[in-house]
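Thanks for coming. Please have the sequence and the structure open while I talk.

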Amino acid sequence: MSAEIVRISKDQPEPSLITYVAERLKAGQVLGMPTDTFYGLAADPFNLRAVKKIYDVKSRQRNKPLSLLIESVDQAEELTRPLPEIFYLLARKFWPGPLTIIVRAASRLPLKVTANSGNVALRVPAASIPMAVMKAAGIPITATSANVSGANECTTAEGVRQQLGQAIPIIVDGGTSPREIASTIIDLSDESGEWHLQREGAIKLQDIVEYLASQGCN
């Protein structure tokens, strides 16, 4: 059975459609959803069946953790161990936006989400649809790209339908992605307090280095 396409305005998301999508998430379904980078697979990270479904749908290796979209820094604090000061500096400057930050996960996060790594990757997206869905559902959502592992990431709902339309029940169509490059990933999980670039993407490393230098950080 092919996925249902739910078209939602990226500028003014319709409340009734947002509620419909949020209810499907809370019921344990895995959905295709736009973000401010590529389309992602959204699920309730606390629902272990939904998390397993993501790995099955993507043919993703179980030792690769899932990143999460969150609403705010306050929500980040609920999902993590005490955060270093550099986290707050980066979040203040680059969130909402395409910066993913890896930090130490709180024990309440399922091991399947962190792939037993003890870490979690978080991002506040500059995109109204996932933000509205998270607010309506009252939970963070997974953010791994909506494609088969190894295949191209999708910038449209049609692209998701072609790759995963038989494997997931709903794809939210919020139009074409505003950018065609992945988020930048900064790793703050090192106990020494040092930060590391894991992937340079939409935010340039030079911009991060210059900003942190201006704040007195190396």
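Helix H1 passes helix H6 in a right-handed crossing. This is a predicted model, so treat what I say as a description of a prediction. H1 covers residues 15-26 and H6 covers residues 128-137. Their axes come within 9 Å and cross at roughly 60°. If you want to find the contact on screen, look on the H1 side for Ile 18, Val 21, Ala 22, Leu 25 and Lys 26. On the H6 side, the residues are Ile 129, Ala 132, Val 133, Ala 136 and Ala 137. By type, the contact of H1 with H6 has nine nonpolar residues, no polar ones and one charged.

Some of those names come back in a core. Ile 18, Ile 129 and Val 133 belong to a second, separate core of 16 residues, which also includes Ile 8.

Now the other core. How many residues does the largest nonpolar core have? It has 47. The residues with the most contacts inside it are Phe 87, Leu 90, Trp 95, Leu 99, Leu 122, Leu 188 and Ile 208. Several elements give two or more residues to this core: among the helices these are H2 (48-58), H3 (73-79), H4 (85-94), H7 (157-164) and H8 (205-214). Strands E5 (99-104) and E6 (119-123) do so too. Which element provides the largest share? That is H4, with six residues. As background, nonpolar side chains tend to be buried together in soluble globular proteins.

Take Leu 122 as one example from that list. Leaving out residues up to four places away in sequence, Leu 122 touches Leu 68, Ile 70, Ala 76, Leu 79 and Thr 80, and also Trp 95, Leu 99, Thr 100, Ile 101 and Val 103. Two of these partners, Trp 95 and Leu 99, are also among the residues with the most contacts in the core.

Next, a second helix pair. The axes of H4 and H8 come within 11 Å and cross at roughly 120°. That angle is why H4 counts as oblique to H8. The crossing of these two helices is right-handed. H4 brings Ile 86, Leu 89, Leu 90, Lys 93 and Phe 94 to the contact, while H8 brings Asp 207, Ile 208, Tyr 211 and Leu 212. Sorted by type, the residues of the H4 and H8 contact are seven nonpolar, no polar and two charged.

Follow the chain on from H4 and you reach the loop between H4 and E5, where Pro 96 lies. What kind of peptide bond joins Trp 95 and Pro 96? It is a cis bond, with omega of about -10°. On the other side of H4, Pro 84 lies in the loop between H3 and H4. Pro 84 has 30% relative accessibility, so it counts as partly exposed. Its C-alpha atom is 17 Å from that of Ser 214, and these two residues are 130 apart along the chain.

The loop between H5 and E6 deserves a stop. Ala 115 lies in this loop, and so does Asn 116. Ala 115 has a positive phi of about 55° although it is not a glycine. Asn 116, also not a glycine, has a positive phi near 60°. Are these residues buried or exposed? Ala 115 counts as buried because its relative accessibility is 16%, and the cut-off for buried is under 20%. Asn 116 is exposed, with a relative accessible area of 61%.

Gly 118 is in the loop between H5 (111-114) and E6 as well. Apart from residues up to four places away in sequence, Gly 118 touches Val 103, Arg 104 and Ala 105. The C-alpha atoms of Gly 118 and Gln 166 are separated by 33 Å, with their positions 48 residues apart in the chain numbering.

Gln 166 also leads us to the start of the chain. Met 1 lies in the segment before strand E1 (4-7). Which residues does Met 1 touch, not counting those up to four places away in sequence? They are Gly 165 and Gln 166. Met 1 and Ile 168 are 167 residues apart along the chain, and their C-alpha atoms are separated by 9.0 Å. Met 1 has 90% relative accessibility, so it counts as exposed.

That is the end of my part.

Notes:
Residues are numbered from 1 along each chain as its sequence is written. This is a predicted model: local features need pLDDT of at least 70, side-chain atom pairs count only at pLDDT 80 or more; totals for chains, interfaces and linings use all residues. Side-chain values use heavy atoms; hydrogens and water are left out. A nonpolar core is a set of buried Ala, Val, Leu, Ile, Met, Phe, Trp, Tyr and Cys residues joined through side-chain atoms within 4.5 Å. Buried means under 20% relative accessible area, exposed over 50%, partly exposed in between (1.4 Å probe, protein chains only). Helices (H or I, at least four residues) and strands (E, at least two) are DSSP runs, numbered from the N terminus. Contact means heavy atoms within 4.5 Å. Axes are lines fitted to C-alpha atoms, for helices over the stretch in contact, and angles run from 0 to 180 degrees between N-to-C directions. Angles under 35 degrees count as roughly parallel, over 145 as roughly antiparallel, 65 to 115 as roughly perpendicular and the rest as oblique. A crossing is left-handed if the near helix is turned anticlockwise from the far one by less than a right angle, and right-handed if clockwise. Ala, Val, Leu, Ile, Met, Phe, Trp, Tyr, Cys and Pro count as nonpolar, Asp, Glu, Lys and Arg as charged, and the others, Gly among them, as polar.
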